[in-house]
Amino acid sequence: MAEGSESLYMGFDLSTQQLKGICVDSNLKLVYEAKVDFDDDMSKYGIQKGVLTNPAEGEVFAPPAMWLEAVNLVLDRLRDAGLDFSKVKGLSGAGMQHGTVFWSADAEHMLNSLDPSKTLVDQLEPGSKGERKGAFAHPMSPNWQDASTQKQCDAFDAHLGDPQTLAQVTGSKAHHRFSGPQILRYRTKYPSHYEQTARISLVSSFLASVFLGKWAPIDISDVTGMNLWEISKGQYNDALLELTAGGKDKVDELKKKLGGTPESGGDAFGTISKYFTQRYGFPSDCQIIPFTGDNPSTILALPLRASDAMVSLGTSTTFLMSTPQYKPDPAYHFMNHPTTPGLYMFMLCYKNGGLAREKIRDKVNKSDSDSTWDKFNETAVATPPVSQKAADDDMRLGLYFPRPEIVPNLHEGQWRFAYTPKTGDLEELPNDFVPDDARNIIESQMLSLRLRSASLVKAEFHPTTGQQLPPQPRRVYLVGGGSANQAIAKICGEVLGSVEGVFKLDIGGNACALGSAYKAVWGRERQPGQTFEDLIGSRWDEEQFVRKVADGYKEGVFETYGEAVKGFEKMEKLVLAREGEEYGKLTGGTVMVEDKDGKVHGAVAQSGIAQSAK
Ligand SMILES: Nc1ncnc2c1ncn2[C@@H]1O[C@H](COP(=O)(O)OP(=O)(O)O)[C@@H](O)[C@H]1O
Ligand SMILES: O=C(CO)[C@@H](O)[C@H](O)COP(=O)(O)O
């Protein structure tokens, strides 16, 4: 039973390009939403698409000061829209995963003694206006798009033996953006800043700390995206802490910087700080429910079943499933579920999502300033699957990476191939834009998802005929900015299948912030022992909240893409093998490839560019 229509709950999403704030009532109905767009509203920070870059070192970062400024602005906008903060009984939030924030020793006192007549940024980060005396030991937060830590990643993988073992222990092999390798690099690149760092937050716990008025713990889900947490033991792994901290005797100091992590994802961290009660009128008993990563928060936007998949089309493309199976592998991530012990979140995350699609859209529009999607969509839909006009034609496949990619670990570049399914031949095509790229880039992203999620989906049955169908998701839910796009939805359904079709949440544009708000509802209103799925499921209004936007499984087309997946896998391996030597030199790292006998090994030095591979 809902507590009463007067209770409101807030959810925040601090993502790459925006801070979004929303408000729902106890019945999960969206009542207010507002956002701050960093490029539009915060251009004085010099950011582009929300971040700053240092390409020479592969660094991507953003200033936490900008996020502080955005917190005041988004709350001002919600108040202007009519939100009465005195009704807000609880709030939670999400931060883009894998950003790391370094607080100074003064920060906690500063957070706890803020003057409500002044903005957060003026009090917490006066550093930009003179001597550095602010709340941060380092003015920048390494962003999830950062690729500067290959050396540290190699050390992480090697420390426990190999990438497979690290994945088994922490849920993921070493990744550039994960806090473990990031902290290791930070400690060696900025030793005095590391020394002055009293607390290390993720973006989620950074934002929670601001609302709490003291350092908030990293939650039980986001902590599993750091390459530091031993999932089976529910604690930090000492060997990995030792590597990160630089010695056994430094482990306790690092543990203190990281703070503890409570087991429960629902028990409040405490009540809101008086800065917010006094400045905005929040009630003093408004509870701060654990903030988590944006991806774990997204899977809380609906009662997701184990056979459903979510595809988040934001700056990144991510693929998410909730599953009771823990099957870690270097190719993807497993994390603790944010609310339900015994469940895990399976995730694939690509850097080249929205921005890569925008680049092709700009080519189709023949303009960098026309941000309409109409021509891109018309072209994508008019192009046949994998550009095959007749069944015997070659398939057109490509990789579109304007930024260094995570999956696979490859430097920026574009590659286009013709694949002959009958012979398995791949022939490289000229690397120039052609209009078919509109369809082929969507296919490329979806084929990669299909390839890597194959072991998690199972055979489904046709909803009306009962006929057994090939393994695929039951439903695909699209979220994030790109979910507004009908052509992407259609092609997504054709490639990934999904017996019941492709769906979109129909309650506001932001599933991630919604998931946070639902978490706040659960955190405050659950009965003893009531799971998140149970409470949200009991208040869920399927007809109002969800809309089918495209068909899923289509006999024939799904099988064609099954052939294309084989070519796609081969193409990726070919490009990895070929680019491995150069990439290895650039990053000091290794790239895993498979040889002709199917054995996987690292750093293939294959000079010259193969024009075809059989
Ligand atoms: N109609 C559309 N078609 C395709 N992509 C879109 C559309 N509208 C927005 N986007 C994409 O959504 C992205 C932003 O998604 P969003 O989830 O809001 O971002 P983030 O959470 O990463 O800040 C943009 O980069 C843009 O490419
Ligand atoms: O998981 C990751 C990065 O590791 C990404 O999903 C980020 O969390 C960014 O999300 P968006 O800004 O694309 O929503």
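Helices, taken as H or I runs of at least four residues, and strands, taken as E runs of at least two, are DSSP runs numbered from the N terminus. With that numbering, A216 is placed in the loop between α9 (203-212) and β10 (229-230). The structure described here is a predicted model.

A216 is a convenient place to begin. A216 has a relative accessible area of 2%, and is therefore buried. Once neighbours within four places in sequence are set aside, the residues in contact with A216 are R199, S205, A208, S209 and F269. The loop residue A216 also pairs in space with G259: 43 residues separate the two in sequence, while their C-alpha atoms are 8.5 Å apart.

A second loop residue, T261, sits between α11 (251-258) and β12 (270-271). Is T261 buried or exposed? Buried means under 20% relative accessible area, and T261 counts as buried because its value is 18%. The side chain of T261 places a polar atom 2.8 Å from the backbone oxygen of I218. I218 also appears among the contacts of T261 beyond four places in sequence, together with D219, I220, V223, W229 and Y236.

Turning to the protein as a whole, the fold comprises 21 helices and 29 strands. The radius of gyration is 24 Å, close to the 25 Å given by the globule rule for 614 residues, so the protein is as compact as a globular protein of that length. The C-alpha trace spans about 70 × 55 × 50 Å along its principal axes. Of the 614 residues, 61% are buried. Sequence-distant pairings are well represented in the contacts: among those between residues at least 6 apart in sequence, 70% join residues at least 24 apart. The exposed surface of the protein comes to about 23200 Å², of which carbon and sulfur atoms supply 49%.

Two ligands accompany the protein, and their surroundings can be taken in turn. Ligand 1 is surrounded by 14 residues, and the closest are S15, T315, E358, G481 and N485. By class, this shell around ligand 1 holds one nonpolar, 11 polar and two charged residues. Which residues place polar atoms beside oxygen atoms of ligand 1? One of them is S15, with a polar side-chain atom 2.8 Å from a ligand 1 oxygen. The backbone takes part too: a polar backbone atom of G481 is 2.9 Å from an oxygen atom of ligand 1, and a polar backbone atom of Q17 is 3.2 Å from an oxygen atom of ligand 1. Taken alone, ligand 1 exposes 580 Å², and the protein buries 80% of that area. Two or more residues of the shell around ligand 1 come from each of β2 (18-25) and α14 (354-365).

Ligand 2 has 15 residues around it, with T16, H98, R177, D294 and S316 the closest. Four nonpolar, nine polar and two charged residues make up the shell around ligand 2. Both α13 (294-298) and β18 (344-350) supply at least two residues to this shell around ligand 2. A polar side-chain atom of T16 lies 2.4 Å from an oxygen atom of ligand 2, and an N or O atom in the side chain of S316 is 2.7 Å from an oxygen atom of ligand 2. Q97 contributes through its backbone, where an N or O atom lies 2.8 Å from an oxygen atom of ligand 2. How much of ligand 2 does the protein bury? Taken alone, ligand 2 exposes 370 Å², and 94% of that is buried by the protein.

Finally, a few details of backbone geometry deserve a look. The peptide bond from V407 to P408 is cis, its omega being near 0°. P408 belongs to the loop between β19 (395-401) and β20 (413-420). K49 has a positive phi of about 50° although it is not a glycine. This residue, K49, is located in the loop between α1 (38-41) and β4 (52-54), and K49 is partly exposed, with a relative accessible area of 31%. K366, likewise not a glycine, has a positive phi of about 55°. The loop between α14 and α15 (374-382) holds K366. Exposed means over 50% relative accessible area, so K366, at 75%, counts as exposed.

Technical notes: Residues are numbered from 1 along each chain as its sequence is written. Chains are lettered from A and ligands numbered from 1 in the order in which they are written. Side-chain values use heavy atoms; hydrogens and water are left out. A residue is near a molecule or strand if one of its heavy atoms lies within 4 Å of it. A polar contact is a pair of N or O atoms within 3.5 Å; within protein, one must be able to donate a hydrogen and the other to accept it, and residues adjacent in sequence count only if both atoms are side-chain atoms. Accessible areas come from the Shrake-Rupley method with a 1.4 Å probe; for residues, only the protein chains shown count as cover. Ala, Val, Leu, Ile, Met, Phe, Trp, Tyr, Cys and Pro count as nonpolar, Asp, Glu, Lys and Arg as charged, and the others, Gly among them, as polar. The radius of gyration is taken over C-alpha atoms; the globule rule is 2.2 Å times the number of residues to the power 0.38. Buried means under 20% relative accessible area, exposed over 50%, partly exposed in between (1.4 Å probe, protein chains only). Contact means heavy atoms within 4.5 Å.
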